[in-house]
Amino acid sequence: MIKTRLTELLGVQYPIIQGGMAWVADANLAAAVSNAGGLGLIAAANAPAEVVRNEIRKAKTMTDKPFGVNIMLMSPYAAEVAQVVADEGVKVVTTGAGNPGKYMEAWKAAGIIVIPVVPSAALAKRMERSGADAVVAEGCESGGHIGELTTMALLPQVCDAVSIPVIGAGGIADERGLAAALMLGASGVQIGTLFLACNECNIHENYKKLVLEAGDTDTAVTGRGLGHPARALKNKFTRRITELEKSGATAEELENALAGSLRKAAVEGDVEHGAFMCGQVAGMIHEIRPAKEIVESLMAKTEERIKSFGLAGGVLFE
Ligand SMILES: Cc1cc2nc3c(=O)[nH]c(=O)nc-3n(C[C@H](O)[C@H](O)[C@H](O)COP(=O)(O)O)c2cc1C
């Protein structure tokens, strides 16, 4: 059994967090991952506070294990959601797209474990100073909104920069990735894309099919010009956005073209107008499985891999 500072901090069996994913990570997915021994997260995204409260209450009826909420700090409802997580006694909050500093005192008073997602060592340091309990260092292999650095470069630098536990994210979909993250200094991992291919994930069937069919080079990054790049499967939508960017479209035109595109993918399965956000590891995912099977087989194989010390990769000691 692998125990780390993260399993101790969260009180979970395995050092695996299911990433908060807007329009994807609902109570059903979060509870399934928590029941499997990891930490499931409900994504608050841009949802109104009462919607998030309902998902939290639903998750409580589905699991007695700890679960968390991911709060997008850019959301117009972020302040209300920040209050809801405290009122509802949520155990863990992860934050993206901003600095959670102003909520920290209230969350700490409510006993919440706070884990910001960071794209750089500098931000990780700032979060540690603000009182964060851990950070997620997320590399640009990830699906969804991304930073500049790869997981391989970012993770050890964040581990060197802070003394709180670091969780590696981006590009992890099997035991090799998990073992590598631990080797780079992480106390655990956050996984998004692999959980898209999960029975308990309520996204449209077209979305799951596209993930299963994708190869290693089938994702593209759009939105760099806007300052918030995001990775999704290449399709008519990403090509149109890329063309708009090249043609010098205004920020407003781009924002209009992007509006609602993840919902179109996740809820409607609209293969032409949807942004099927997905990481570079999609090419490693070939089947839909229950969360319990994904988590348990990942941990069992990681233990085997660590014990065999990577010899399967051809490393020999003389
Ligand atoms: C469809 C999708 C939506 C996402 N939405 C969010 C989000 O709302 N908030 C957030 O912090 N991260 C979000 N992410 C990032 C994930 O939480 C996670 O860090 C990332 O997927 C890890 O990399 P991987 O996809 O290679 O596993 C999203 C990722 C995906 C694939």
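The following exercises, each with a worked solution, concern a predicted model.

**Exercise 1. Helix H2**

Determine how many of the residues of H2 are buried, and state what covers them.

Solution.
Step 1. Helix H2 spans residues 27-35.
Step 2. Its buried residues are Ala27, Leu29, Ala30, Ala31, Ala32, Val33 and Ser34.
Step 3. Since seven of the nine residues of H2 are buried, the helix is largely enclosed by the rest of the structure.
Step 4. The cover over these buried residues includes the strands E1, E2 and E3 (67-72), together with the helices H3, H9 (193-196) and H14.
Step 5. Just after H2 comes Gly37, which takes a positive phi of about 110 degrees.

**Exercise 2. The buried side of H7**

Identify the buried residues of helix H7 and establish how they are arranged about its axis.

Solution.
Step 1. H7 comprises residues 151-161, and Thr151, Leu154, Leu155, Val158, Cys159 and Ala161 are buried in it.
Step 2. An α-helix has 3.6 residues a turn, so residues three or four places apart point the same way.
Step 3. Viewed down the axis of H7, the buried residues fall within an arc of 160 degrees, so they line one face of the helix.
Step 4. The face turned away from this buried side carries Met152 and Asp160, which are exposed.
Step 5. Among the elements covering the buried residues of H7 are strand E5 (113-118), helix H6 (121-130), strand E6 (135-138), strand E8 (166-169) and helix H8 (175-183).

**Exercise 3. The buried side of H13**

Carry out the corresponding analysis for helix H13, residues 261-268.

Solution.
Step 1. Ser261, Leu262, Ala265 and Ala266 are the buried residues of H13.
Step 2. These residues cover an arc of only 120 degrees around the axis, which puts them on the same side of H13.
Step 3. Their cover includes three helices: H10 (205-213), H11 (236-246) and H12 (251-258).
Step 4. After H13 comes Gly269, with a positive phi near 65 degrees.

**Exercise 4. An aromatic pair**

Classify the geometry of the rings of Tyr207 and Phe276, and locate the two residues in the fold.

Solution.
Step 1. A pair of aromatic rings is described by the distance of the centres and the angle of the planes.
Step 2. With ring centres required to lie within 6.5 Å, the structure has two aromatic pairs.
Step 3. The ring centres of Tyr207 and Phe276 are 5.0 Å apart and the planes stand at 85 degrees, so this pair is edge-to-face.
Step 4. Tyr207 belongs to helix H10 and Phe276 to the loop between H13 and H14, so the pair ties together parts that are 69 residues apart in sequence.
Step 5. Both Tyr207 and Phe276 are buried.

**Exercise 5. Positive phi outside glycine**

Locate Trp23 and Ala45, and decide whether Trp23 is buried or exposed and whether Ala45 is buried or exposed.

Solution.
Step 1. Most residues other than glycine have a negative phi.
Step 2. Trp23 is not a glycine, yet its phi is positive, about 65 degrees. Trp23 lies in the loop between strand E1 (16-18) and helix H2.
Step 3. Because its relative accessibility is 51%, Trp23 counts as exposed; the cut-off is over 50%.
Step 4. Ala45 likewise has a positive phi, near 45 degrees, and lies in the loop between strand E2 (40-43) and helix H3 (49-62).
Step 5. Ala45 has a relative accessibility of 11% and so counts as buried.

**Exercise 6. Ala220 and Gly225**

Assign Ala220 and Gly225 to their elements, and describe their surroundings.

Solution.
Step 1. Ala220 lies in strand E10, residues 219-222, whereas Gly225 lies in the loop between E10 and strand E11 (230-233).
Step 2. At 15% relative accessibility Ala220 counts as buried, while Gly225 is exposed, with a relative accessible area of 72%.
Step 3. Leaving aside residues up to four places away in sequence, Ala220 touches Ala230, Arg231, Ala232 and Lys234.
Step 4. From C-alpha to C-alpha, Ala220 and Cys278 are 9.2 Å apart, with a sequence separation of 58 residues.
Step 5. Gly225 and Tyr77 are 148 residues apart along the chain, and their C-alpha atoms are separated by 25 Å.

**Exercise 7. The second largest pocket**

Characterise the second largest pocket by its volume and its lining.

Solution.
Step 1. The volume of this pocket is about 270 Å³.
Step 2. Its lining has 13 residues, and those nearest the centre are Ala173, Asp174, Met284, Arg289 and Lys301.
Step 3. By character, the lining divides into six nonpolar, two polar and five charged residues.
Step 4. Helix H14 (residues 291-307) contributes the most to the lining, with four residues.

Definitions and conventions. Residues are numbered from 1 along each chain as its sequence is written. This is a predicted model: local features need pLDDT of at least 70, side-chain atom pairs count only at pLDDT 80 or more; totals for chains, interfaces and linings use all residues. Side-chain values use heavy atoms; hydrogens and water are left out. On a 1 Å grid over the protein atoms alone, a cavity is a set of points where a 1.4 Å probe fits but cannot get out, and a pocket is an open set with protein on both sides within 12 Å along at least five of seven lines; lining residues have an atom within 4 Å of a point. Grid points are joined across faces, edges and corners, and a volume is the space filled by probe spheres set on the points. Ala, Val, Leu, Ile, Met, Phe, Trp, Tyr, Cys and Pro count as nonpolar, Asp, Glu, Lys and Arg as charged, and the others, Gly among them, as polar. Buried means under 20% relative accessible area, exposed over 50%, partly exposed in between (1.4 Å probe, protein chains only). The arc is that of the directions from the helix axis to the C-beta atoms. Contact means heavy atoms within 4.5 Å. Rings of Phe, Tyr and Trp (its six-membered ring) pair if their centres lie within 6.5 Å; planes under 30 degrees apart count as stacked, over 60 as edge-to-face and the rest as tilted.
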